[in-house]
Amino acid sequence: MTIGTSENPLRVAIIGSGPSGFYAAEALFKSDLTVEVDMYDRLPTPYGLVRGGVAPDHQKIKSVTKVYDKIAENPNFRFYGNVDIGNDLSHDDLLNHYHQIIYAVGAQTDRRLDIPGEDLSGSHAATEFVAWYNGHPDYRELEFDLSQEAAIVVGVGNVAMDVARILARSHAELMETDIADYALEALNKSNIKKIYILGRRGPAQAAFTNPEIKELGEMEDAEIIVDPSEVALDELSQEYLANANDRAATRNVEIMTKYSEREPNTSKPKQIILRFLASPVEVIGTDRVEAVKIVKNELYKDNRGGLRPRATDQFETISAGLIFRSVGYRGVALAGVPFREDWGTIPNEMGRIIVLETKETVLGEYAVGWIKRGPSGIIGTNKPDSVETVQAMLEDAKAGKVLSPTSSKAEDVEGLLKSRNIQYVTYADWHILDQLERERGAEVGRMRLKFTRIEDMLTALAERKQKITH
Ligand code: NAP
């Protein structure tokens, strides 16, 4: 029987409900085939990094969820939140119920520095701090010793900017956000006065974008400190900026040069200190982080023309009780799915999953987003990325290259989940949770008070649903 008709819809499972998953659903619904999408998430809440990653003081970015809600309104869309693929449903269960499977699981862990002392208490992955302040249930119990006076953020990407900003924000500024209540309280008692940000290359190679570096210069409680020597460009960077037409980098350097020229406002209680050509080589401390030893780098051109950092023989020690590694996210392997350990991604060609060694295509399985291409780009980058994968999927579906599920009815999946006692959360349930979070927020003068425990979400949801039916 032809697949993709109203009698026999193309049934697709999307694992993960972040931006790349939603953009894949959108592209599938725009196709000329009849497609049914079941989207799964391990958490009862959708949106992936838009809820758990995007900084709470960047609410405008978060408003993209309205687009996702619109996609979810399609009658052929179902959300199964609180379903852990690999535990609640196995890889085989997916193969038995769908024609095609998309992995949209993102990059769930962090990259390491691989230096001595990295695991001392007080040394953290920035990704964990981000998940903690955003109320991710898996990270809510983490503790960050904010009684320290100085913190070091390693890396100069946008995540480093987010971490520095959240550490530097005033209580009043954070009250205007949807930051988790326990993080708001902990940050209110924070003693941190100095936040160092270390780039291993120069200012022209910083990965952060213009709005982010501008924002650091406009903080209520924190002054940005850039020593003129830190933004002085070496010859290779000057040559690069003169020839590369890299507007973002040119503007970054202009903004930072302005910072280096302005008289520091000493009345602000906190300082954000930007440093370049500096790599940590050791985290120093006995029981916990006390300082970080850094080496001064210089740039050299590699054989592809890229500018790389190389250590000199000049060292320096910065006293700090906290260090956040913000050197990139990393994907995690899924049971039964090929994985590239060196890149932390699922090997694929245009989104079609392949076995790396043989280059053979894995029938019916696809990847989108960070698990497909690595942890790069902004939310919008995921749209064309997902469209590319969906094009490959539709081509395959039309050529009959799909899985042969033993049962391909939506009710069968629901039946399976029920038979296993899995308390799944639907999109309508999520709307109730969303409303409850806003109501809880309104009670304490905040825009939203997030639930940060899965049990609390399920209990509150059950109570509200009972009220609605009575
Ligand atoms: P990123 O942009 O790739 O930045 C990683 C930073 O870590 C770079 O400065 C990199 O320097 C540095 N780094 C890597 N390995 C290092 C090492 N061993 N020692 C010292 N430094 C090292 O990654 P990210 O900040 O995690 O962000 C991930 C993606 O999400 C990015 O595309 C980002 O733009 C996006 N994002 C966007 C927003 C926003 O739009 N507001 C917010 C958050 C994240 P090199 O350049 O020298 O490798």
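**Close-up 1. Polar contacts of the ligand with R200, V159 and N158 in this predicted model.** Let's start with R200: one of its polar side-chain atoms sits 2.7 Å from an oxygen atom of the ligand. V159 takes part through its backbone, with an N or O atom 3.1 Å from a ligand oxygen. N158 uses its side chain, placing a polar atom 3.1 Å from an oxygen of the ligand. The ligand would expose 910 Å² if taken alone, and the protein buries 80% of that area.

**Close-up 2. The shell of residues around the ligand.** Stepping back a little, you will find 23 residues around the ligand, with V159, R200, R201, E212 and G377 coming nearest. Sorted by class, the shell holds 11 nonpolar, seven polar and five charged residues. Helix α7, which spans residues 158-168, gives the largest share of this shell, namely three residues. Both domain 1 (10-108 + 331-425) and domain 2 (109-329) take part, each supplying at least three residues to the shell.

**Close-up 3. The second largest pocket and its lining.** Here we turn to another site. The volume of the second largest pocket is about 360 Å³. Its lining is made of 16 residues, and those nearest the centre of the pocket are Q59, K62, T65, R438 and R448. Four helical elements are worth tracing in this view: α2 (49-52), α3 (59-62), α4 (65-72) and α17 (427-443) each give two or more residues to the lining. The lining of this pocket divides into nine charged, four nonpolar and three polar residues.

**Close-up 4. M350, a loop residue with positive phi.** What is the phi of M350? The angle is positive, at about 50°, although M350 is not a glycine. For context, most residues other than glycine have a negative phi. To find M350, look in the loop that joins β16 (348-349) to β17 (352-354).

**Close-up 5. N421, a loop residue with positive phi.** Our last view shows N421, a residue other than glycine whose phi is positive, near 65°. Where does N421 lie? Its place is in the loop between α16 (410-419) and α17. Helix α17 may be familiar from the third close-up, where it was listed among the elements that give two or more residues to the lining of the second largest pocket.

Notes. Residues are numbered from 1 along each chain as its sequence is written. This is a predicted model: local features need pLDDT of at least 70, side-chain atom pairs count only at pLDDT 80 or more; totals for chains, interfaces and linings use all residues. Side-chain values use heavy atoms; hydrogens and water are left out. A residue is near a molecule or strand if one of its heavy atoms lies within 4 Å of it. A polar contact is a pair of N or O atoms within 3.5 Å; within protein, one must be able to donate a hydrogen and the other to accept it, and residues adjacent in sequence count only if both atoms are side-chain atoms. Accessible areas come from the Shrake-Rupley method with a 1.4 Å probe; for residues, only the protein chains shown count as cover. Ala, Val, Leu, Ile, Met, Phe, Trp, Tyr, Cys and Pro count as nonpolar, Asp, Glu, Lys and Arg as charged, and the others, Gly among them, as polar. Domain bounds come from an automatic or database domain assignment. On a 1 Å grid over the protein atoms alone, a cavity is a set of points where a 1.4 Å probe fits but cannot get out, and a pocket is an open set with protein on both sides within 12 Å along at least five of seven lines; lining residues have an atom within 4 Å of a point. Grid points are joined across faces, edges and corners, and a volume is the space filled by probe spheres set on the points.
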